[in-house]
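Here is a protein model to question. Each exchange asks what earns a label.

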Amino acid sequence: IDLEKMNASAVALLQVAVAGVAVLLMVLIWQQFFTALSILDGVTLWSYADTVAGKETVSTVSAFDAGGALLVLVLGMVLATGIPSLVGIVFYGVITEKGVLYAIQTVIRYVIGVLAAFFALQMLGFGWSKLQWMAAGLSVGLGFGLQAIFANFFSGLIMLFERPVRIGDVITLGEFSGTINRIRMRATTITDFDNREIIVPNQMFVTERLINWTLSSSVVRFSFDVGVSYDADPRVVRETLLEILHADPRVMKEPAPNVIFREFGPSSLSMRCFAHVEDLSLRFQVQNDLHMRIAEVCRDKGIEIACPQMDLHLRSVDGGAKPSLAAPCA
C-alpha cells in the first residue's frame with residue numbers, strides 16, 4: 001500500500017513538473033502577447049471602498065486583476081498537488097509511522113488551498129474586513145443546515161491529528177468492516193472485504209463506537225468452539241487440540257495458544273480454542289486450516305465430533321403403528 005502511494009505521489013509530482021515546464025515555455029514564446037495583456041489593466045470591472053493609512057479611498061478591480069486572481073487560484077491548485085507529493089517522496093523513508101505522512105500531506109494541501117483562495121479574494125477587493133461578513137454569514141448558515149458539513153470537516157481534522165484511524169487500518173464501524181482507504185474533507189472511504197468502497201461521513205468516526213483492529217498492534221486473537229461426544233475423554237481431547245494449535249507455524253508461540261473445557265453442552269462437551277496470529281489477514285485462513293486439521297485428527301483418533309441429539313420418549317403408540325416401529329430400518 002505504501003509503495004502504491006509513493007508511486008502515485010511520484011506520478012503527481014511528475015505531472016506538476018511537466019505542466020510547469022509547459023507553462024514556462026508558453027510564457028517565453030508568447031512573452032509579447034502577455035505584455036499586450038497589460039491593456040486589460042485599464043478595463044475596470046468594479047470599485048470598492050478601502051482604507052489606506054487611515055484614509056478612505058476608492059479602489060478599482062480591473063480585468064487584469066481578475067486574471068491575476070484566477071492565475072493565483074490555478075497556481076494554488078498546482079502547488080496543492082505538487083508540494084504534498086514532493087513531501088511524500090522526500091520524507092517517505094524518514095517518517096515511517098503509519099498515517100503520519102498522509103496527515104502532513106493533507107494538512108499542507110488544506111493550508112495551500114486556503115492561502116490561495118485568501119490571496120485571490122484580496123486581489124478582487126475582498127479584504128479581511130469584508131471576509132468577516134462572509135464568516136458571519138457562514139456562522140448563520142450553520143443554523144440552517146450546514147452543521148453536518150462543518151461537523152464532518154472538523155471531524156476529518158480530528159482524525160488526521162488525533163489519528164484514531166489511519167490509512168491502511170482495519171476497522172469495524174457499526175455494520176461496516178474494512179480497510180481505511182482515503183480520508184477526505186467530508187467523508188472517509190472504507191474498502192470492505194468484498195472490495196466494495198463505502199463512503200462514511202467523518203463525524204461517525206468521532207461520535208460512534210469504533211473498533212480499530214490494527215491501531216497499536218497487528219496481532220489478533222481468534223477463538224472457536226469444538227464440541228465432542230460425552231464418551232470422549234476431555235483431557236485427551238484438550239491435549240489433542242493443543243498439539244494441533246502448536247503444530248501450525250502461523251500460530252504465535254507467545255502468547256501461547258490455549259484450550260479450555262468451556263461447558264457441558266446439551267449434546268456435547270464444549271472445548272474453546274484460543275490462538276494469536278501476527279496479522280489480521282491470516283486470521284480466517286489459519287482458522288480454516290485448523291478446522292480441517294482438527295476434523296482429520298479427531299477422525300483418526302476415534303474422537304467423535306458431536307452433533308445435536310434428542311431423545312424421544314413415546315407415552316402411547318397407536319396399535320397399527322407398533323409393527324412399523326418394531327421393524328428394523330432398511
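Q: What makes Ser 177, Arg 209, Leu 210, Ile 211 and Trp 213 neighbours that Thr 172 touches?
A: Contact means heavy atoms within 4.5 Å. Thr 172 touches each of these five residues, with residues up to four places away in sequence not counted. This is a predicted model, where local features need pLDDT of at least 70, side-chain atom pairs count only at pLDDT 80 or more, and totals for chains, interfaces and linings use all residues. Residues are numbered from 1 along each chain as its sequence is written, and side-chain values use heavy atoms, with hydrogens and water left out.

Q: Why is Thr 172 called buried?
A: Buried means under 20% relative accessible area, exposed over 50%, partly exposed in between (1.4 Å probe, protein chains only). Thr 172 has 15%, so Thr 172 is buried.

Q: What makes the link between the side chains of Thr 172 and Trp 213 a polar contact?
A: A polar contact is a pair of N or O atoms within 3.5 Å; within protein, one must be able to donate a hydrogen and the other to accept it, and residues adjacent in sequence count only if both atoms are side-chain atoms. The two side chains make such a contact at 2.9 Å.

Q: Which strand holds Thr 172, and how do you know that this strand pairs with strand 4?
A: Thr 172 is found in strand 3. Strands are DSSP runs (E, at least two residues), as helices are (H or I, at least four), numbered from the N terminus. Two strands pair if DSSP finds at least two bridges between them. Strand 3 (residues 170-173) and strand 4 (residues 176-183) have 4 bridges and pair in the antiparallel sense. Ile 171 stands opposite Gly 178 in strand 4.

Q: Why do strand 6 and strand 7 count as edges?
A: The open sheet has 5 strands in the order 6-5-4-3-7, with antiparallel pairing. Strand 6 (197-201) and strand 7 (210-212) each have a single partner strand, so one side of each lacks a neighbour in the sheet.

Q: How do you know which strands pair in the sheet ordered 8-10-9?
A: Count the bridges. Strand 8 and strand 10 are joined by 9, strand 9 and strand 10 by 6. Both pairs run antiparallel. Val 220 stands opposite Val 277 in strand 10, while Phe 261 has Met 271 as its bridge partner. Strand 9 and strand 10 also form a hairpin, with 4 residues between them.

Q: Why is strand 10 called mostly covered?
A: Of its 9 residues, 8 are buried. Two helices lie across this strand: helix 8 (residues 234-247) and helix 9 (residues 283-301). Helix 8 runs at about 145° to strand 9, and helix 9 at about 20° to strand 8. Axes are lines fitted to C-alpha atoms, for helices over the stretch in contact, and angles run from 0 to 180 degrees between N-to-C directions.

Q: What makes a group of residues a nonpolar core?
A: The members are buried Ala, Val, Leu, Ile, Met, Phe, Trp, Tyr and Cys residues joined through side-chain atoms within 4.5 Å. The largest such core has 23 residues, and Phe 224, Leu 241 and Leu 290 have the most contacts inside it. Strand 8, helix 8, strand 10 and helix 9 each give two or more residues to this core. A second, separate core has 14 residues, including Tyr 110 and Met 159.
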